[in-house]
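The exercises below are meant to be worked with the sequence and the structure side by side. Try each task before reading the solution that follows it.

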Amino acid sequence: MDFTSNGDFAIHVTDLDQARTFYQKTLGFTLVGDSDEKLVFKTGKFTLYVNKDDKEMAFIPALEVPDYEAAKQFLKASGCEIIREWPNSKALYFKDPLGQVIDIIET
């Protein structure tokens, strides 16, 4: 199974307006996507996805996989827990055996 980092990170926040102000005005990141559900910032070396949620979640690195279903089954067999899933986008968050949350998406 091949997992490749793609330079994307996600965070989850409860207040997109506050996040927009902080990441755009305070840190100077370039806002390249803006909706009611998420903000997307170019930061230099990575793209930051700020997702609206009912709870905060820290930085979640993204990995690309060639086959979403095969990767999902491989991760489950390797002791990982699927904690969120977006089947239509062929993406999911999993928690590894060390407790870290990681995103995968099929490319």
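**Exercise 1. Describe the largest pocket and its lining.**

Solution. Begin with the residues around the space: the largest pocket is lined by 21 residues, and those nearest its centre are Lys-38, Tyr-49, Asn-51, Tyr-93 and Asp-103. Keep in mind throughout that the model is a predicted one. Next, consider the volume, which for the largest pocket comes to about 460 Å³. Then sort the lining by element: S1, S4, S5, S6, strand S7 (91-95) and strand S8 (101-106) each contribute at least two residues to the lining of the largest pocket. Finally, look for the main contributor, and you will find that S1 gives the largest share of this lining, five residues.

**Exercise 2. Work out the order of the strands in the sheet, and find what packs on the sheet.**

Solution. Follow the pairing from one side to the other: eight strands make up an open sheet, in the order S2-S3-S4-S1-S5-S8-S7-S6, with mixed pairing. The two ends of that order are the edge strands, S2 (30-34) and S6 (81-86), each of which pairs on one side only. As a further step, compare directions: neighbouring strands of this sheet are turned by 25° against each other on average, with direction ignored. Now add the helix, for H1 (residues 16-26) packs on the sheet and touches S1, S2, strand S3 (38-42) and S4, while its direction makes about 5° with that of S3.

**Exercise 3. Trace the pairings of S2, S3 and S4, and then that of S1 with S5.**

Solution. As background, strands of a sheet pair through backbone hydrogen bonds, either parallel or antiparallel. Start with S2 and S3, which run antiparallel and are joined by four bridges; here Gly-33 has Val-40 in S3 as its bridge partner, and a hairpin of three residues connects S2 to S3. Continue to S3 and S4, which pair in the antiparallel sense over five bridges, with Leu-39 matched to Val-50 in S4. Between S3 and S4 lies a hairpin with four residues, and in its turn Gly-44 has a positive phi of about 125°. Last, S1 (residues 4-13) and S5 (residues 57-65) pair in the antiparallel sense over five bridges, and Ser-5 stands opposite Leu-63 in S5.

**Exercise 4. Decide whether Thr-47 is buried or exposed, and list its surroundings.**

Solution. First place the residue: Thr-47 belongs to strand S4 (residues 47-52). Then apply the cut-off, under which a residue is buried if its relative accessible area is under 20%; Thr-47 is therefore counted as buried, because its relative accessibility is 7%. Next, look at the side chain of Thr-47, which makes a polar contact of 3.0 Å with the side chain of Lys-42. Setting aside neighbours within four places in sequence, Thr-47 is in contact with Gly-7, Asp-8, Phe-9, Val-40, Phe-41 and Lys-42.

**Exercise 5. Locate Val-32 and say which residues it contacts.**

Solution. The residue Val-32 lies in strand S2. If its neighbours within four places in sequence are left aside, Val-32 is in contact with Val-40, Phe-41 and Lys-42. To place Val-32 against another part of the chain, take Val-65, which is 33 residues away along the chain: the C-alpha atoms of Val-32 and Val-65 are separated by 24 Å.

Terms used. Residues numbered from 1 in each chain as written. Predicted model: local features only at pLDDT ≥ 70, side-chain atom pairs only at ≥ 80, totals over all residues. Heavy atoms only, no water. Buried < 20%, exposed > 50% of the residue type's maximum accessible area, 1.4 Å probe, protein only. Polar contact = N/O pair within 3.5 Å; in protein donor to acceptor, adjacent residues only side chain to side chain. Contact = heavy atoms within 4.5 Å. Pairing = 2+ DSSP bridges. Axes fitted to C-alpha atoms, helices over the stretch in contact; angles between N-to-C directions. 1 Å grid on protein atoms, 1.4 Å probe; cavity = no way out; pocket = protein on both sides within 12 Å on 5 of 7 lines; lining within 4 Å. Points joined across faces, edges and corners; volume = space filled by probe spheres on them.
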